[in-house]
Amino acid sequence: MAQPEDKEMAETAQGEESLTPEEQARRARVEHEALVAVFKSVRTASSDSRLSQPAQWEEDGLVPDHLTGEDLEMMVYDYLHAFWDREEERALEEADQEPKPTFRTATRAVGIPRAFDPAARAEDEARAAQEAADAEKEATAGWRTESDAFGESESALAAESLSVHGGDECPVDAPARGDGSFASAPHERAHEKDGQEAAAAVVHDEDDNDAFEPFELTVEGVRGVVCLVDGEPAFVPYAPGEAPEEEVDCTGIKLLQGRTSYYLYDSGRMTDAFANWAFMAEENDDASTLATLAREESRTYPRPMPASSLKNDPFGFTDDRIDEAWKVVQECGSYPDIAETFASNGDRYFFSTDYLSRAYAESLAEWASVERYMNV
């Protein structure tokens, strides 16, 4: 008897087979762009000292119209694990070791689109490049023969192709539009002012313009290329639909699995320690948070944890919330090692008896709150 998940996968596969090749290609591109957008949002959240959650992606409009929020969530999960598996295999190969079997923990299987399969994608890109080369050869055969008859060079022809845009000059190897041009259409000029200022921030010697290499830039959400225009670096937006496909970059992205959701962060913008604190805050288990932090403080430094530290970001506890959490810690029986102590000025501390004796914890609390200020 077919399982519900198998039936769902079969229906999905049947639905995808009924799509036209054009629609399949469109969906693959949209899903690719969704992955790019998700990992960008993860990095933005990490820069703002927040964890990124799948529920937020739907609120931010990152879910493609043909997918559900759960579909995107599982696609990101699968993509990350496929990336980590490839990185592990590569590291093992470099160390000349046999790869170990990997075990997936996804709750259901979600196929990775062909566009995200490295081998299939390389094959498709090679075929597309060959077709483009054949088309260009056929389209330019006539004018190349004529230009050879007049002795014109390829560089002169490239300059002529740019003259329709007012003599703007860009290196011929710069990223080009679909028609080979660089100048922006009138409706794109609104973004050029900010782009010119961004491009001007790149300082180049006037005598070193020959060494200038074009590069991509995004200005207020508009992608374009910075290239030389009249000898100066300038921002030229891509026309709609002509921007090259961005690579999906999940380097440094880490995952924390919660009770009902997972959380992502960029380890290059958020430390692992802060990510774990934010994770505990998001899980809303105050008793576990108090006990975990008290143990960590007692084991790592060692010293008792000031209760006031729970009022800081990312926890934001109030005095009443701390009291309630401590009450649960005492009554639930899951944290028998967690104890409380006070300094003589009333400052409150928590510690773990697994790492600190009560006498030592009390002396450290007294020194931190009272005695160290007497020695200043």
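Reader: Which residue in strand 8 is the bridge partner of Met305?

Author: This is a predicted model in which local features need pLDDT of at least 70 and side-chain atom pairs count only at pLDDT 80 or more, while totals for chains, interfaces and linings use all residues. Residues are numbered from 1 along each chain as its sequence is written, and side-chain values use heavy atoms, with hydrogens and water left out. Strand 6 and strand 8 pair in the antiparallel sense over two bridges, where strands (E, at least two residues) and helices (H or I, at least four) are DSSP runs numbered from the N terminus, and two strands pair if DSSP finds at least two bridges between them. Within strand 8, the bridge partner of Met305 is Phe350.

Reader: Which strands stand at the edges of the open sheet that includes strand 8?

Author: This open sheet has three strands in the order 6-8-7, with antiparallel pairing. Each edge strand has a single partner strand, so one side of each is left without a neighbour in the sheet, and the two concerned are strand 6 and strand 7.

Reader: At about what angle does helix 9 run to strand 8?

Author: Helix 9 spans residues 286–300 and reaches 21 Å from its first C-alpha to its last, close to the 21 Å expected, a span defined as 1.5 Å times one less than the number of residues. The helix lies across strand 6, strand 7 and strand 8. With axes fitted to C-alpha atoms (for helices over the stretch in contact) and angles running from 0 to 180 degrees between N-to-C directions, helix 9 runs to strand 8 at about 75°.

Reader: Which elements are included in what covers the buried residues of helix 9?

Author: Buried means under 20% relative accessible area, exposed over 50%, and partly exposed in between (1.4 Å probe, protein chains only). In helix 9 the buried residues include Leu290, Leu293 and Glu297. Contact means heavy atoms within 4.5 Å, and the cover includes helix 8 (272–283), strand 6 (305–306), helix 10 (319–332), strand 7 (338–342) and strand 8 (348–352).

Reader: What is the omega of the cis peptide bond from Tyr301 to Pro302?

Author: Most residues other than glycine have a negative phi, and most peptide bonds are trans. Pro302 has its place in the loop between helix 9 and strand 6. The bond that leads to Pro302 from Tyr301 is cis, with omega near -15°.

Reader: Where is Pro314, which follows Asp313 across a cis peptide bond?

Author: The bond from Asp313 to Pro314 is cis, with omega near 5°. Pro314 itself is found in the loop between strand 6 and helix 10.

Reader: Does Asn284 count as buried or exposed?

Author: Asn284 has its place in the loop between helix 8 and helix 9, and has a positive phi of about 60° although it is not a glycine. Because its relative accessibility is 57%, Asn284 counts as exposed.

Reader: How do helix 2 and helix 4 stand to each other, roughly parallel or roughly perpendicular?

Author: The axes of helix 2 (residues 21–47) and helix 4 (residues 69–94) come within 11 Å and cross at roughly 80°. Angles under 35 degrees count as roughly parallel, over 145 as roughly antiparallel, 65 to 115 as roughly perpendicular and the rest as oblique. The crossing angle therefore makes helix 2, relative to helix 4, roughly perpendicular.

Reader: How many charged residues are in the contact of helix 2 with helix 4?

Author: Helix 2 contributes Glu31, Ala34, Leu35, Val38 and Phe39, and helix 4 contributes Leu72, Met75, Val76, Tyr79 and Leu80. Ala, Val, Leu, Ile, Met, Phe, Trp, Tyr, Cys and Pro count as nonpolar, Asp, Glu, Lys and Arg as charged, and the others, Gly among them, as polar. By class, the contact has nine nonpolar residues and no polar ones, and the number of charged residues is one.

Reader: Which residue in the turn between strand 2 and strand 3 has a positive phi?

Author: Strand 2 (residues 222–229) and strand 3 pair in the antiparallel sense over six bridges, with Cys227 standing opposite Ala234 and Leu228 having Pro233 as its bridge partner. The two strands form a hairpin with two residues between them, and the turn residue with a positive phi, of about 55°, is Asp230.
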